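Visitor: I would like to learn how to read a charged side chain in its surroundings, and then the elements around it. Could we work through one example together?

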Amino acid sequence: MVLRSALGGSPPPTPEAAMRTLVIGLGRIGRLVARRLLESHASLHWVGAVEICPDPKIHGYLINFDSTYGPMTPPLGITSTGFETSGGQTIPLFSDVKAAIAAVQPDLILECSGDPVVANTLVDLTDTAAYKVVFSSQT
């Protein structure tokens with residue numbers, strides 16, 4: 001659907017119709033994924049993030065000021081419990097995968113932490129889940 005919209009096919013879906021996307025891990029890969037979700041993917045709606053150290057100030061700063069890609073425009077706002085987009089959407093930051101899944105009920109999980117424990121947890125949960133998981137890992 002993203003490809004079709006980029007090539008001038010059907011119009012992008014509304015946020016209500018977009019896939020609710022949870023990002024696990026806000027390291028280098030997770031931050032870049034988060035930026036792309038905010039900047040251009042109307043078919044993917046970022047609804048939450050999971051990080052072992054859930055400090056919105058640290059992760060918000062690193063998302064907003066990337067050393068390779070430069071500053072994010074418009075910048076991501078920082079709240080006491082997560083982030084806020086320029087459109088007023090709140091994106092909560094969690095420290096527990098299961099709690100995040102229960103709270104935001106994602107359609108898609110992007111696992112960017114590379115943590116084998118998290119990966120095993122997601123594999124165990126996907127047997128009965130209504131969401132898809134994409135794993136990002138080093139080879």
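**A buried charge and its setting**

Guide: In this predicted model, Glu-51 is buried (under 20% relative accessible area with a 1.4 Å probe, protein chains only), yet it has no salt bridge, meaning a side-chain nitrogen of Lys or Arg within 4 Å of a carboxyl oxygen of Asp or Glu. The nearest side chain of opposite charge (Lys and Arg count as positive, Asp and Glu as negative, while His and the chain ends are not counted) is that of Arg-31, 7.2 Å away. Local features need pLDDT of at least 70 and side-chain atom pairs 80 or more, whereas totals for chains, interfaces and linings use all residues. Side-chain values use heavy atoms, without hydrogens and water, and residues are numbered from 1 along each chain as its sequence is written.

Visitor: Which residues is Glu-51 in contact with, leaving aside its neighbours within four places in sequence?

Guide: Contact means heavy atoms within 4.5 Å, and on that basis Glu-51 touches Gly-25, Leu-26, Gly-27, His-59, Leu-93, Phe-94 and Ser-95. Glu-51 itself lies in the loop between strand 2 and helix 3, where helices (H or I, at least four residues) and strands (E, at least two) are DSSP runs numbered from the N terminus.

Visitor: Which residues of helix 3 are buried, and where do they lie around the axis?

Guide: Pro-56, His-59, Gly-60, Ile-63 and Asn-64 are buried in helix 3. They lie on the same side of helix 3 because they cover an arc of only 130° around the axis, taken from the directions from the helix axis to the C-beta atoms. The face turned away from that buried side carries Lys-57 and Tyr-61, which are exposed (over 50%).
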